[in-house]
Structure formats: structure tokens, C-alpha cells
Amino acid sequence: LQSGRAERRGRSPPHFLKSWYEAPRERGRGRGGRPPAMVLGSLLAAIGVTGRGLGTWNRSNFLEDKKQRQEMEYTKMEMKIEQAKLWREDVEDIVSLTEKKMDNYLLTNTFFALGTVLLWTEG
């Protein structure tokens, strides 16, 4: 875009572009009248300040997330251990029920066997 282009159409440039449209054009200088090295220096300074903060801007969130993930993993392991204990208790209960049933059957069968022997020997 060249200076005066908006004026030729009958409109004025927006306020934020006014200085760009009306900036003096000198040989070896940028649009704002500043030397390119000065613009480049300020640009590099801004990048340096921004770059320094980019490495640490999310560090606290990252560390907190890491801590929460570790706690989650520990909690998951504790829950798996507790679940395994419950399974063992269930297996023990089933086995003990079978043992109790067998004890009851043994006692009942002993009485039946004793009755049978008594009936055979009496007669």
C-alpha cells in the first residue's frame, strides 16, 4: 500500500494505520523513521524476554499434574491390592463352606452307616 492510497478512494485510513500511511520515507530507514537495526534489536529483545518466560510458564501446572498422576497411580495400585485381598477372602469363604458341608455330610453319613450296621447286626 502506498501513502495516500486510502485518500484517493475518498476514505481516511483507520486510526491504527494512520502513522503507517503517513510515515516519512527516508533512505535506509524503516516505515516509522527508525533504522532497521533498531527495529531488529527491539524485536530480538522482545523475543528474548518472551522466550525466557516460555520455558517456565506452564512449569507449575506440569509439576502439579505430575504429582496428581503419581497419587493416582498409587491409589490405583492400592485399590488393586485391596481387590486381590477381597478375592482371596472370597476363595477362602468358598473353600471353608465346602469344608463345612463335607463335615456335615461326614457326620450325617456316619450316623446312616451306624444305623445300617445296627440294622444288619440285629436281624
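**View 1. Four helices and zero strands make up the chain in this predicted model.** Read from the N terminus, the order of elements is α-α-α-α. Buried residues account for 5% of the 123 residues. The accessible surface adds up to about 11,500 Å², and carbon and sulfur atoms hold 61% of that area.

**View 2. Confidence varies along the chain, from helix 1 to helix 4.** The average pLDDT of the chain is 77, and 60% of the residues reach at least 70. Among the elements, helix 4 (residues 59-122) has the highest mean pLDDT, at 92. Helix 1 (residues 5-8) sits at the other end of the ranking, with the lowest mean, 52.

**View 3. Leu-40, Leu-43, Leu-44 and Ile-47 form a nonpolar patch on the surface.** Together these residues make a patch of about 400 Å². To find your way, start at Leu-40, which belongs to helix 3 (residues 36-54). Leu-40 has a relative accessible area of 48%, so this residue counts as partly exposed.

**View 4. Glu-64 and Lys-67 pair up within helix 4.** This salt bridge is one of three in the structure. The closest N and O atoms of Glu-64 and Lys-67 are 3.7 Å apart. Along helix 4 the two residues are separated by three positions, about one turn of the helix. Glu-64 is partly exposed at 37% relative accessibility, and Lys-67 is partly exposed too, at 45%. As a reminder, side chains of opposite charge can pair when their charged atoms come close.

**View 5. Asp-65 and Arg-69 meet in a salt bridge.** Here the N to O distance is 3.2 Å. Both residues lie in helix 4, with a spacing of four residues, about one turn of the helix. Asp-65 shows a relative accessible area of 34%, which means that this residue is partly exposed.

**View 6. Glu-73 and Lys-76 form another salt bridge of helix 4.** Their closest N and O atoms lie 3.7 Å apart. Three residues, about one turn of the helix, separate the partners. Glu-73 is partly exposed at 39% relative accessibility, while Lys-76, at 38%, is also partly exposed.

**View 7. Five acidic residues build a negative surface patch.** The members are Glu-82, Glu-89, Asp-90, Glu-92 and Asp-93. Look for Glu-92 in helix 4. Glu-92 counts as exposed because its relative accessible area is 54%, and the cut-off for exposed is over 50%.

Note on methods. Residues are numbered from 1 along each chain as its sequence is written. This is a predicted model: local features need pLDDT of at least 70, side-chain atom pairs count only at pLDDT 80 or more; totals for chains, interfaces and linings use all residues. Side-chain values use heavy atoms; hydrogens and water are left out. pLDDT is the predictor's confidence in each residue, from 0 to 100. Buried means under 20% relative accessible area, exposed over 50%, partly exposed in between (1.4 Å probe, protein chains only). Accessible areas come from the Shrake-Rupley method with a 1.4 Å probe; for residues, only the protein chains shown count as cover. Patches are made of residues with over 30% relative accessible area and no salt bridge: like charges are joined within 9 Å, nonpolar side chains (Val, Leu, Ile, Met, Phe, Trp, Tyr) within 5 Å. A salt bridge is a side-chain nitrogen of Lys or Arg within 4 Å of a carboxyl oxygen of Asp or Glu. The place of a charge is taken as NZ of Lys, CZ of Arg, CG of Asp or CD of Glu.
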